[in-house]
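Hi,

Here is the structure I promised to pass on. Have a look at it first, and my notes on what turned up follow below.

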Amino acid sequence: MDIRGEAEEHGVRRIEFTIPRPEPVPGILWLPAGTVRERPLVLIGHGGALHKEAPGVLAMSRALTRGPGYAVVAIDLPLHGERVPEPERGLSPVQRRQRLGLAAWRARNDQVLPQALADWTATLDALRAAGLAGWGPVGYSGVSMGTRFGVPLAAAEPRISAAVFGLFGCPDADSPLGQAARKLTIPLLFLLQWDDELFPRADALRLFDLFGSPAKTLHANPGRHLGLPRAELEAMVGFLRRHLGRAAG
């Protein structure tokens, strides 16, 4: 794990790092002040065409570090952030999707799923080896593409003990995503936008129904894909706090 820079603001350390991989993985760790070894850690998966410092990621990181005092980590997933292909650099998220077409965009993200899961596992391993985070409970939070990669990750990674998903759907119950959803038994919170223009309501409800967890909760709100109410941020933090516990030594 290579540290690229470090700063502190409002009592929270911001550590930029790179995980050495065949394709290096850039990331940021937000770590509240203090030496709490068993501090919970939350992985935040960004949405499609976004990155590790997207507004939603930063809002969640602030809420978790300054509230319950959790450590938070986000990485640039394959084809995103510092890993965007050269022809797409400088384009907006909408322009990037339009350039490929929505179906091709989703297919390309599906192709890098194994790489994304390996990147997350390597990040968890590196944070723990460096003595920075990962010794306490681990949670996951990611909607939209963050759910596309997060569901298989949580199904395969035993260190994750609670997760927030949403703004995604599963049109085929027998798909790899559907199979991964069935394997999940950890507590889950799922966020649904009733008028989501990218993922039909029926597909989102199917994904929620497929989750194998006996402790799963659905929050549904009117509005389109990007219209998630701010109140849900508090709900996400509260859910993780209940299931990951306090940042105690």
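Y140 is buried, with a relative accessible area of 0% in this predicted model. It lies in strand β6, which covers residues 138-141. Its ring pairs with that of W120: the two centres are 6.3 Å apart and the planes stand at 80°. Planes over 60 degrees apart count as edge-to-face, so that is the label for this pair. W120 is buried too, at a relative accessible area of 1%.

What does the pair tie together? W120 belongs to helix α4 (residues 113-129) while Y140 belongs to β6, so the two rings link parts that are 20 residues apart in sequence.

The pair is also part of a wider group. The structure holds 6 aromatic pairs, and one aromatic cluster is formed by W120, Y140, F165, F190, F208 and F211. If you zoom in on F208, you will find the charged end of K216 sitting over its ring, 5.0 Å from the ring centre.

Two members of that cluster, F190 and F208, come up again around L218: this leucine touches F190, L192, L205 and F208, leaving aside residues up to four places away in sequence. L218 is found in strand β9, residues 216-221. Is L218 buried, partly exposed or exposed? With a relative accessible area of 31%, it is partly exposed, since the buried class ends at 20% and the exposed class starts over 50%. For a sense of distance, the C-alpha atoms of L218 and I75 are separated by 26 Å, and their positions lie 143 residues apart along the chain.

Back to α4, which also packs against a helix. The axes of α4 and α5 (residues 145-156) come within 10 Å and cross at roughly 65°, and the crossing is right-handed. On the α4 side, the contact is made by L113, A116, L117 and W120; on the α5 side, by R148, F149, P152 and L153. W120 therefore appears both in this helix contact and in the edge-to-face pair with Y140. By class, the contact of α4 with α5 has 7 nonpolar, no polar and 1 charged residues.

Next, a proline to look at. P40 lies in the loop between β3 (25-32) and β4 (41-44), and it is buried, with a relative accessible area of 0%. Which residues does P40 touch, not counting those up to four places away in sequence? They are Y70, A71, P137, L244, G245, R246 and A247. P40 and W135 are 95 residues apart in sequence, yet their C-alpha atoms are 7.7 Å apart in space.

Finally, two backbone details. H10 has a positive phi of about 55° although it is not a glycine. It sits in the loop between β1 (2-9) and β2 (12-19) and counts as exposed, at 60% relative accessibility. L79 is another non-glycine residue with a positive phi, near 75°. The loop that holds L79 runs between β5 (71-75) and α2 (93-100). Whereas H10 is exposed, L79 is buried, with a relative accessible area of 16%.

Best wishes

Definitions and conventions. Residues are numbered from 1 along each chain as its sequence is written. This is a predicted model: local features need pLDDT of at least 70, side-chain atom pairs count only at pLDDT 80 or more; totals for chains, interfaces and linings use all residues. Side-chain values use heavy atoms; hydrogens and water are left out. Rings of Phe, Tyr and Trp (its six-membered ring) pair if their centres lie within 6.5 Å; planes under 30 degrees apart count as stacked, over 60 as edge-to-face and the rest as tilted. Helices (H or I, at least four residues) and strands (E, at least two) are DSSP runs, numbered from the N terminus. Buried means under 20% relative accessible area, exposed over 50%, partly exposed in between (1.4 Å probe, protein chains only). A charge sits over a ring if NZ of Lys or CZ of Arg is within 6 Å of the ring centre and within 35 degrees of the ring normal. Axes are lines fitted to C-alpha atoms, for helices over the stretch in contact, and angles run from 0 to 180 degrees between N-to-C directions. A crossing is left-handed if the near helix is turned anticlockwise from the far one by less than a right angle, and right-handed if clockwise. Contact means heavy atoms within 4.5 Å. Ala, Val, Leu, Ile, Met, Phe, Trp, Tyr, Cys and Pro count as nonpolar, Asp, Glu, Lys and Arg as charged, and the others, Gly among them, as polar.
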